[in-house]
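Trainee: Can you walk me through this model before I go back to the bench?
Mentor: Gladly; have a look at it here, and then ask away.

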Amino acid sequence: MRFALSNDLTELTTERLVLTTWTAEAVGAVLAGVDRRPAHWAADFPADGDRVIAGLLETNPDWLGVYGHRLITERRTGLVVGSIGLFWPPSDGVLELGYGVVASHQGRGYATEAATALAAFALGAPGVHTVVAGVALSNPASVRVLEKAGFDRFETVPAEDGGELARYRMTTVPELRHA
């Protein structure tokens with residue numbers, strides 16, 4: 001996986017995506033609903049998870065940084081199709097990753113591409129040695145995202161809903177895993 005960073009680190013560009021840091025304006029637009037919905041958002045963005053993240057970012061504006069949450073934009077169309085984020089700062093060198101792509105753009109490998117790039121970026125951040133993510137085993141598509149991105153499953157724990165939650169981690173940049 002190759003990616004490029006803008007000089008100010010606010011844009012991470014992959015083959016098909018641009019991961020741009022959330023701004024206070026984007027947070028406001030998500031929270032305002034359809035009244036302030038920008039034209040460059042996919043018709044079904046934001047999804048419920050994006051609204052949750054926007055609420056967290058409004059409450060914690062210090063999370064609006066280069067090591068925080070990012071909007072996932074399709075390079076070809078310029079449409080925002082999801083979001084992905086790191087829950088900064090690291091706890092004992094570990095960062096949590098979360099992601100979501102709207103239904104209209106799922107099944108294209110965007111979540112895998114974004115997760116791979118952002119995890120690799122995070123592993124180069126000061127004080128970070130591990131990126132982790134959790135996914136309900138009842139969500140096989142999300143399980144595949146993490147496995148294709150190069151994360152290793154290290155435990156399964158009971159989930160709050162009575163199901164099981166698989167915990168995944170990445171400790172080395174995927175390109176270097178088999179070197």
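Trainee: At what angle do the axes of α3 and α4 cross?
Mentor: Bearing in mind that this is a predicted model, the axes of α3 and α4 cross at roughly 45 degrees, and they come within 8 Å. An angle counts as oblique when it is neither under 35 degrees, nor over 145, nor from 65 to 115, and therefore α3 is oblique to α4.

Trainee: And is that crossing of α3 and α4 left-handed or right-handed?
Mentor: The crossing of the two helices is right-handed.

Trainee: Which residues make the contact?
Mentor: On the α3 side the contact is made by A111, T112, A115 and T116, while α4 brings V145, K148 and A149 to it. Sorted by character, the residues where α3 meets α4 comprise 4 nonpolar, 2 polar and 1 charged.

Trainee: Switching topic, what volume does the largest pocket have?
Mentor: Its volume is about 390 Å³, and 17 residues line this largest pocket, with Q106, G107, A111, A141 and V145 lying nearest its centre.

Trainee: Which elements each supply at least two residues of that lining?
Mentor: Those are β6, spanning 94–101, together with α3 at 110–123 and α4 at 140–149; the largest share of the lining, 5 residues, comes from α4.

Trainee: How many residues of the lining are nonpolar, polar and charged?
Mentor: The lining of the largest pocket divides into 6 nonpolar, 8 polar and 3 charged residues.

Notes. Residues are numbered from 1 along each chain as its sequence is written. This is a predicted model: local features need pLDDT of at least 70, side-chain atom pairs count only at pLDDT 80 or more; totals for chains, interfaces and linings use all residues. Side-chain values use heavy atoms; hydrogens and water are left out. On a 1 Å grid over the protein atoms alone, a cavity is a set of points where a 1.4 Å probe fits but cannot get out, and a pocket is an open set with protein on both sides within 12 Å along at least five of seven lines; lining residues have an atom within 4 Å of a point. Grid points are joined across faces, edges and corners, and a volume is the space filled by probe spheres set on the points. Helices (H or I, at least four residues) and strands (E, at least two) are DSSP runs, numbered from the N terminus. Ala, Val, Leu, Ile, Met, Phe, Trp, Tyr, Cys and Pro count as nonpolar, Asp, Glu, Lys and Arg as charged, and the others, Gly among them, as polar. Axes are lines fitted to C-alpha atoms, for helices over the stretch in contact, and angles run from 0 to 180 degrees between N-to-C directions. A crossing is left-handed if the near helix is turned anticlockwise from the far one by less than a right angle, and right-handed if clockwise. Contact means heavy atoms within 4.5 Å.
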